[in-house]
Amino acid sequence: MGATTIPLKRRAAAFALALLACAAVGSVAQTQFNLGDLSALGVEIPFPVRAQTTVRDLAGFAPLYALVVAVGLLPAFIVAGLLSGTAGSRRAPLYLLAGGVAVWASLQSANALAGVPVLVFATRHAAGLACLVAGGVLAGWIYQRRTR
């Protein structure tokens, strides 16, 4: 079943689920990297505070982060869908790559538009950026699985 024969409602639901997962992974990573930076400065952060901060960031940061990455994920998945018609068995890797590149590009674009070196602080670390990009890869995996 090609991308054009999948009902729009199903594609929209798949995109929403993929975006939700990407935003959740990104939010949790952002929170933990920020708390890790504070811990490195000698601030003691007990587990209940970490958990509470994570939940608050899922409610506060994740929706904003979802908007940032949605701008990249939507066109990336459209392009992957167009390319997957000729890719055959390479459909899954196309979507995984599209998701990861989309998050990276969205973060770089947000930095440039905001006029700051780093808008999402977790990306100050290569591991933090990798975690956020992994959220995009997860989004690509979810989307391609739900739209087969």
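A crossing of two helices is right-handed if the near helix is turned clockwise from the far one by less than a right angle. The legends below describe close-up views of a predicted model.

**View 1. Right-handed crossing of helices H1 and H4**. In this predicted model, the crossing of H1 with H4 is right-handed. Helix H1 comprises residues 8-40 and helix H4 residues 126-146; the two pack at an angle of about 160 degrees, and their axes lie 8 Å apart. Because angles over 145 degrees count as roughly antiparallel, H1 is described as roughly antiparallel to H4. The residues of the contact comprise 16 that are nonpolar, five that are polar and three that are charged.

**View 2. Helix H4 and its buried residues**. The 21 residues of H4 should span 30 Å at 1.5 Å a residue, and the end C-alpha atoms of the helix are indeed 30 Å apart, so expectation and model agree. The buried residues of H4 include the glycines Gly128, Gly135, Gly136 and Gly140. Leu132, Val133, Ala139, Ile142, Tyr143 and Gln144 of H4 are buried as well.

**View 3. Helix H3 and the residue that follows**. Helix H3, formed by residues 91-114, contains 24 residues. From first to last C-alpha H3 reaches 34 Å, close to the 34 Å expected at 1.5 Å a residue. Among the buried residues of H3 are Arg91, Tyr95, Ser106 and Asn111, together with Ala98, Gly99, Gly100, Ala102, Val103, Leu107 and Ala110. Just after H3, Gly115 adopts a positive phi of about 70 degrees.

**View 4. A stacked aromatic pair within helix H2**. Five aromatic pairs are found in a search of the whole structure. One of them joins Phe61 and Tyr65, which are stacked with 5.6 Å centre to centre and 20 degrees between the planes. Both residues belong to helix H2 (residues 47-87), where they are four residues apart, about one turn of the helix. Phe61 and Tyr65 are both buried.

**View 5. A stacked aromatic pair between helices H2 and H4**. Phe77 and Tyr143 form a stacked pair, with 4.8 Å centre to centre and 20 degrees between the planes. This pair links distant parts of the chain, since Phe77 lies in helix H2 and Tyr143 in helix H4, 66 residues apart. Phe77 and Tyr143 are both buried.

**View 6. The aromatic cluster that contains Phe77 and Tyr143**. Phe15, Phe77, Tyr95 and Tyr143 form one aromatic cluster. Of these residues, Tyr95 is among the buried residues of H3, and Tyr143 is one of those buried in H4.

Note on methods:
Residues are numbered from 1 along each chain as its sequence is written. This is a predicted model: local features need pLDDT of at least 70, side-chain atom pairs count only at pLDDT 80 or more; totals for chains, interfaces and linings use all residues. Side-chain values use heavy atoms; hydrogens and water are left out. Axes are lines fitted to C-alpha atoms, for helices over the stretch in contact, and angles run from 0 to 180 degrees between N-to-C directions. Angles under 35 degrees count as roughly parallel, over 145 as roughly antiparallel, 65 to 115 as roughly perpendicular and the rest as oblique. Ala, Val, Leu, Ile, Met, Phe, Trp, Tyr, Cys and Pro count as nonpolar, Asp, Glu, Lys and Arg as charged, and the others, Gly among them, as polar. The expected span of a helix is 1.5 Å times one less than its number of residues. Buried means under 20% relative accessible area, exposed over 50%, partly exposed in between (1.4 Å probe, protein chains only). Rings of Phe, Tyr and Trp (its six-membered ring) pair if their centres lie within 6.5 Å; planes under 30 degrees apart count as stacked, over 60 as edge-to-face and the rest as tilted.
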